[in-house]
Each structure stands twice: as C-alpha cells, then as structure tokens.
Amino acid sequence: MQYRPFGRTGIQLSTLGYGTWPFARDWWGRYDEQEAHRALRAAFALGVNFVDTAAAYDDGRVEALLGRVLRAKGVATRVSVATKIPPLIRDVAPDRLHAQDAYPGRYLRLAVEKSLRMLRLERVFLLQLHAWAPRWLREGNWLETLLELRAEGSIGFLGVSVADGEPDSAREVVQSGHVDAVQVRYNLYWQEAASNLFPLCEKTGVAVIVRSPLLEGALGAGPTWLQRLGTADWRRDFFGGAYSHGLQRFHGALKTLCQSGRHQRAALALRFAAAHPAVSSVLVGMRTTTHVRLNARALTKPPLTIGMLRQLHHLG
Ligand SMILES: NC(=O)c1ccc[n+]([C@@H]2O[C@H](COP(=O)([O-])OP(=O)(O)OC[C@H]3O[C@@H](n4cnc5c(N)ncnc54)[C@H](OP(=O)(O)O)[C@@H]3O)[C@@H](O)[C@H]2O)c1
C-alpha cells in the first residue's frame, strides 16, 4: 500500500481510500453483508487506513455496518474514519438556504454524537459537511460548533464535500483556512476539479479527497454492465438516460487508447485519479473482496508516464 500526506496535517493516509456509499441500499440496492465485512477487513489488512462514510447513507446503517467492522481488535486504532453530516433541510438547493437553516450548531452537535454512536467511536478523524454553499462561509454558527467539537475531542479535522460539477464552489472556503480537506469528484470523464481547485489546494495545503474515480463503476464495466445492474440501482437510470451517448463515445475513445480488458481500464482510471500531486487519497466504492484486491494492486503500480497522462487529460 502507498501512503501520502493528508494536506498540511502531517498525517499519512493510504492512496486507496475505502468508499462506503455502495453499501447504501436506498441508492444501490441489495448487497451481501458478509462479503461487505470481508471486503472491509481485507482492505484494512492490506493497509488501507482511510475510510469514508456518511450519516445519510441508508439513514445511518452504513455507519453502523462500518462500526461493527471497526469493533474488531486493533482496527479502530489503525483506520482513520471520515463521515459527513447532511444539511438539516435536504430538499432545498444549498445556495438557497441560510447556513443557520442548513447547519444550525445544535443540529450539528447532535448529528456528530449520533454518528459517533453508530460508528462506535469516540472521535471521528474527519468531519465533512455533506453539502456546501459558498455563502455559508459568512453565515451561521456551524464553524464555531465544529471548532468546539474539535476542542472537545470528538472531531479531528474539518472538511467539506463539494457538489458534483461545482468544484470551484469550494475555492473561498479553501482559501479561508477553516477546512483541512475537500472531497470532490474526479475521474477520466469528469476532470473539472483539476483546473482551479487542485492547484489552490496544493498552494494552501488543503487535502484533496477524490471520489467516484471509476465513474460509479462505469470505467471498469463490460458491455452488458448497465443491463446487469439491479432494478433498485440508481446507476441504471442515470447512465441509461442523459449520459448514455456521451459515455459510449467516451468508452470508444478509451478503448482506442488502451487496448485492454475492463480490469486494466479500471486500474488505469485509478492511477489517473491518483496521479495529480494535490490528491491525498482516492476513495473507491468496493462491495467485494475481489475489487479491494484489484484496486489495491492498481494503486501500487508505478505512476503513469507524462505522455499517457497527457492523452488521458484530453479524454475529459
Ligand atoms: N457527495 C458525496 O460526498 C459523495 C458522492 C459520491 C461518492 N462519495 C464517496 O466516494 C466514494 C467513491 O465513489 P463511488 O463509490 O460513488 O464511485 P466509484 O468509486 O467510482 O465506483 C464504485 C463502483 O465501482 C465498481 N468497482 C469498484 N472496483 C472495481 C473494479 N476494480 N473493477 C470494476 N468495477 C469496480 C463497483 O461497482 P459494483 O458494486 O456494481 O460492482 C463499485 O460499487 C463513495 O463510496 C463515497 O464514500 C461521496
């Protein structure tokens, strides 16, 4: 396993981070709980020391699943857990909400206490706001509350998770010095975070946590992938609809560039996501031990050449 500095914090995290969203049955459908335990344990045994979850995933059940695995002797001391708290009001766009309506301090405190109970932890390594609107930098008491929780020892570091397609919405908060990390989507298909946000994070020492490096699985997919997804899997509609044509063209271009099977393409996608020097950890959603092993292997391969990276940047 390879490790990298977590921004300016002085902490080293595994380049492969464990993403747990695919265990959220309300979005991804059913999964095998025993295999989930095995996959998480296999990842931690292979040296993965960073895992990301959220209070909203299956209404806390994914935090609870992770908590059961963390209970095994010694695991919780080796693994850094990041979680996220959703806004109190979820059906209004963040930028239309006052910070005090999205993240009132009392709500945040109760939500952190609940996450700690679910995770069976006394302290969460990284607490992220699951949604972010730039206006909140100047509003509400969320920051005071999070700083209090940090002083009390319930939280290690603070972060925000940036909305898909809006990496620049985090620029001001990164510059403010109030957060230690940003979580943002970045992959071969969606490369927008590399334009402005990554250089700014490098300059300020704010850690970048990359999410969705496999384009939700599409980058490691075979030709019948979409048809084989379960009926309750959100990706069926998402990739079957507006994205299907763009994605087909993209896959064609990727296959021309890399004449290899889907496992090699997934490995290439992960190495691409990890290649930017601003990136601290690449979160990959993994429901099986096989994926854990493949992805761990992919991220210990040598860095991609500059020539290859240049070609891959043109795909985005
Ligand atoms: N708003 C937010 O804060 C937010 C949003 C999205 C994600 N995240 C975080 O980022 C993590 C990563 O993103 P993600 O899980 O959405 O997307 P992802 O990592 O791009 O894709 C995950 C899916 O890729 C497939 N996969 C994994 N390894 C593979 C391999 N070696 N070969 C082929 N397919 C493979 C699996 O699909 P199957 O399970 O179908 O096999 C898996 O569920 C999440 O789990 C979550 O922790 C946060």
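I take the radius of gyration over C-alpha atoms, and the globule rule as 2.2 Å times the number of residues to the power 0.38. I note that this is a predicted model, in which local features need pLDDT of at least 70 and side-chain atom pairs count only at pLDDT 80 or more, while totals for chains, interfaces and linings use all residues. Residues are numbered from 1 along each chain as its sequence is written.

**Overall form.** I looked up the radius of gyration and found 19 Å, which agrees with the value near 20 Å for a compact globule of 316 residues. I read the span of the C-alpha trace along its principal axes as about 55 × 40 × 40 Å. I counted 15 helices and 10 strands (DSSP runs numbered from the N terminus, H or I of at least four residues for helices, E of at least two for strands).

**Ligand.** I found 26 residues around the ligand (C-beta atom, placed from the backbone, within 6 Å of it), of which Gly19, Arg211, Gly217, Gly220 and Gly285 come nearest. I recorded β10 (279-285) and α14 (289-298) as the elements that give two or more residues to this shell.

**Helix pair.** I then examined α6 (residues 105-119) and α7 (residues 142-152), which pack at about 35° with their axes 8 Å apart (axes are lines fitted to C-alpha atoms over the stretch in contact, and angles run from 0 to 180 degrees between N-to-C directions). I listed the residues in contact (C-beta atoms, placed from the backbone, within 7 Å): α6 gives Gly105, Leu108, Arg109 and Val112, and α7 gives Trp142, Glu144, Thr145, Leu146 and Leu149.

Terms used
Contact = placed C-beta atoms within 7 Å.
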